[in-house]
Amino acid sequence: MGLNTNTNTSNALYILQGKIVKVANKETGNFEVNGKFYEAYDSISGYLVGFKIVDGYRDGERDVALKIQDGTDEYLLKFGVNSGNFTSWSKSIQNADLLKELELVPTFKQDGDKKQSSLLIKQNGEWIKRKYTNDSMGELPVAMPVSLNGKVSYDYTAQLDYLINEISSIFDAAELPF
């Protein structure tokens, strides 16, 4: 009862414009977006010790929550399921060894109005290749074309759900010692 000090060493991290960011203030931040300040990092290294799908920032959206340990500290990295970060990460994580340290490296490119983001994985000094590519989709469901007001868009729901289930199974089966 009463006031307590938080003894949790978990740190909330997000991905923003190709950087891993932690909320900061004007004095401690080194990265500003829309008047908000962040501590920005190029990558994060450690052991992936947890994977979970949680409610997203906006109603009806889902986020990935990755728990990462680097020895003494624990971080919670969150990013949208319906994003280039998830698409790239989720198609590569199956080829990583979850018992070994890895590095997560976000990228961001903007060409006019088109924005492209990715979350790449590096392990043992090598970039992890994707399990699924446009040339080799395996059992990954294809995106379904949807026409709305004469404009074709794509529904990735089945593909995202398949990847989430596959990754959840990998983490469940890994028996991580962490």
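Mentor: Before we start, one bit of vocabulary: two strands count as paired if DSSP finds at least two bridges between them. And keep in mind that this is a predicted model.

Trainee: Okay, so how many bridges join β8 to strand β9?

Mentor: Strand β9 covers residues 114-123, and β8 runs antiparallel to it. One partnership to look up is Thr107, which has Ser118 as its bridge partner in β9. The count of bridges joining β8 to β9 is nine.

Trainee: Which residue takes a positive phi in the hairpin of β8 and β9?

Mentor: Look at the turn, where two residues sit between the strands. The phi there is near 65°, and the residue that takes it is Gly112.

Trainee: Strand β5 pairs with β8 too, so which residue of β8 stands opposite Ser45?

Mentor: β5 spans residues 44-55 and β8 spans residues 102-111. They pair in the antiparallel sense over three bridges. Opposite Ser45 in β8 you'll find Glu103.

Trainee: Is Asn11 buried or exposed?

Mentor: Asn11 belongs to strand β1, residues 10-16. Leaving out residues up to four places away in sequence, Asn11 touches Lys22, Glu74, Tyr75 and Leu76. The cut-off for buried is under 20% relative accessible area. Asn11 has 18% relative accessibility, so it counts as buried.

Trainee: And what about Tyr156, what is its relative accessible area?

Mentor: Tyr156 lies in the loop between β12 (151-155) and α2 (157-173). Together with Val152 and Tyr154, Tyr156 forms a nonpolar surface patch with about 320 Å² of accessible area. Tyr156 itself is partly exposed, because its relative accessible area is 39%.

Key: Residues are numbered from 1 along each chain as its sequence is written. This is a predicted model: local features need pLDDT of at least 70, side-chain atom pairs count only at pLDDT 80 or more; totals for chains, interfaces and linings use all residues. Side-chain values use heavy atoms; hydrogens and water are left out. Helices (H or I, at least four residues) and strands (E, at least two) are DSSP runs, numbered from the N terminus. Patches are made of residues with over 30% relative accessible area and no salt bridge: like charges are joined within 9 Å, nonpolar side chains (Val, Leu, Ile, Met, Phe, Trp, Tyr) within 5 Å. Accessible areas come from the Shrake-Rupley method with a 1.4 Å probe; for residues, only the protein chains shown count as cover. A salt bridge is a side-chain nitrogen of Lys or Arg within 4 Å of a carboxyl oxygen of Asp or Glu. Buried means under 20% relative accessible area, exposed over 50%, partly exposed in between (1.4 Å probe, protein chains only). Contact means heavy atoms within 4.5 Å.
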